[in-house]
Amino acid sequence: MNPAAPSAATPAETGPGRSASAARTGRGAAPLPGRVRTAPVPATGGTGGTGGTGGRTVAPSPLDPGASQDPHGIHRRLREEFPLTYDPLLRAWVLSRYADVAAALTDGRFTHGHRPGDPPCARAHVDVDTAALRSVTERTAYVLARRIAERPQADLVADFCHWLPAGTVAAAVGVPYRDMMRLVRGRAAGALAGECGAQIAVREKALASFLGNVLSDPDQVAALRDAPAALVSRAWTESLRRDPPVQIAVRRTAAEVPVSGGTVPAGASVALLVGSAGRDPERFREPDRFDPLRDDPGQLTYGSGFCPAVLLAGIEAEYALRALFAEMPRLRLADGFRPTPAGLITRAPRTLIVRPGG
């Protein structure tokens, strides 16, 4: 991506940015400007933040050391103190609050991006047999579940999540099983999902996070074991909010855009922190909690329009649970194992070690 020059715009001190959680609710401190990590704070007439004697506050980066293992502290500080900042590591302006990220994903002033389910995507898919997709997804999920049901231990990422999205597409377009992994990520995927064919890898990660969220909580296992499709769908949406497979989406501005903390200049690269937006306490109550029954749901991974990639992701989540619980009624995480998401641009558990027989 091209660098956005920090001097191209000076975020307004009087803009909508706020310095901390309290300030976000209108209490106390003056708003902070957007800041550049490696250059002097833009002259805005304000005092700005400082760090140490005679120093200044420097915004953290989503690419800082340790961010792959635990980005949430960085995201929290960006939302509260640096709603608009230029990051030289990303070579882009960074937006981290839900309101700004959600707007940028649909605002026509942000270009050069594609999200499955957005209106242009929905218009491209007009002839998809939903019943057929459900059938092949169900069949594939049960085949995969039966292959691991008798093992004393299994890794659901390697043995299930890696194969279900690809296998579903392969079955839908008639690719022989022996050729599945070689073809399905290219020609076969494109035949079904067009521009969204590359979403197979994203669906793998989303499914791994979903299963990790469910299996980490015995109450969720009990609630979702025989749940109707509507409840599974809510749990899927909640997992996409809490642990989106795509953490950072990149866009470019076609014009100046006012946001929290100032104004993004025209022609600038912008990094949208989807992972941060999904845990913004200004939008979601108890944002770190996985709660399929929350009354303030929402997610930013997929748009709201029709798209085979979006449809398949939800169907795969539903039949993954049904097949795994049907073939392994006592399925649980292995003793002492807890899912550990990792990744910067995309993020999900790399392993899900389970005991199929309890």
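## Exercises around helix α13

E316 touches T137, L164, P165, T168, R203 and L207, when residues up to four places away in sequence are not counted. The model used throughout these exercises is a predicted one.

**Exercise 1.** Determine in which helix E316 is found, and decide whether E316 counts as buried or exposed.

*Solution.* Begin with the secondary structure, which places E316 in helix α13. Next, take the relative accessibility of E316, which is 1%. Since buried means under 20% relative accessible area, E316 therefore counts as buried.

**Exercise 2.** Describe how helix α5 packs against α13, giving the angle, the separation of the axes, the handedness and the residues that make the contact.

*Solution.* First, consider the geometry: α5, which spans residues 130-148, packs with α13 at an angle of about 35°, and the two axes are 8 Å apart. Second, the crossing in which α5 passes α13 is right-handed. Third, list the participants: α5 contributes T130, L133, R134, T137, E138, A141, Y142, A145, R146 and I148, while α13 contributes L311, L312, I315, E316, E318, Y319, A320, R322, A323, L324, A326 and E327. Finally, sort them by class, which gives 13 nonpolar, two polar and seven charged residues in the contact of α5 with α13.

**Exercise 3.** Work out how α11 and α13 are oriented to each other, and state which residues meet.

*Solution.* Start from the axes of α11 (residues 229-242) and α13 (residues 308-327), which come within 10 Å and cross at roughly 115°. Angles of 65 to 115 degrees count as roughly perpendicular, and α11 and α13 are therefore roughly perpendicular to each other. The crossing of this pair, α11 and α13, is right-handed. On the α11 side A229, V232 and W236 take part, and they meet A313, G314, A317, E318, L321 and R322 in α13. Classified by type, the contact of α11 with α13 holds six nonpolar, one polar and two charged residues.

**Exercise 4.** Place P116 in the chain, decide whether P116 is buried or exposed, and give the separation of the C-alpha atoms of P116 and G303.

*Solution.* P116 lies in the loop between β4 (110-111) and α4 (119-124). With a relative accessible area of 3%, P116 is buried. Although P116 and G303 are 187 residues apart along the chain, their C-alpha atoms are separated by 6.0 Å.

**Exercise 5.** Assess the burial of C161 and C307, and state how many disulfides are counted.

*Solution.* C161, at 1% relative accessibility, counts as buried, and C307, at 1% relative accessibility, counts as buried. For the disulfides, the rule asks for a pair of cysteine sulfur atoms within 2.5 Å, and by this rule the count comes to zero.

Terms used: Residues numbered from 1 in each chain as written. Predicted model: local features only at pLDDT ≥ 70, side-chain atom pairs only at ≥ 80, totals over all residues. Heavy atoms only, no water. Axes fitted to C-alpha atoms, helices over the stretch in contact; angles between N-to-C directions. Helix = DSSP H or I, 4+ residues; strand = E, 2+ residues; numbered from the N terminus. Parallel < 35°, antiparallel > 145°, perpendicular 65-115°, else oblique. Left-handed = near helix turned anticlockwise from the far one by under 90°. Contact = heavy atoms within 4.5 Å. Nonpolar A, V, L, I, M, F, W, Y, C, P; charged D, E, K, R; others polar. Buried < 20%, exposed > 50% of the residue type's maximum accessible area, 1.4 Å probe, protein only.
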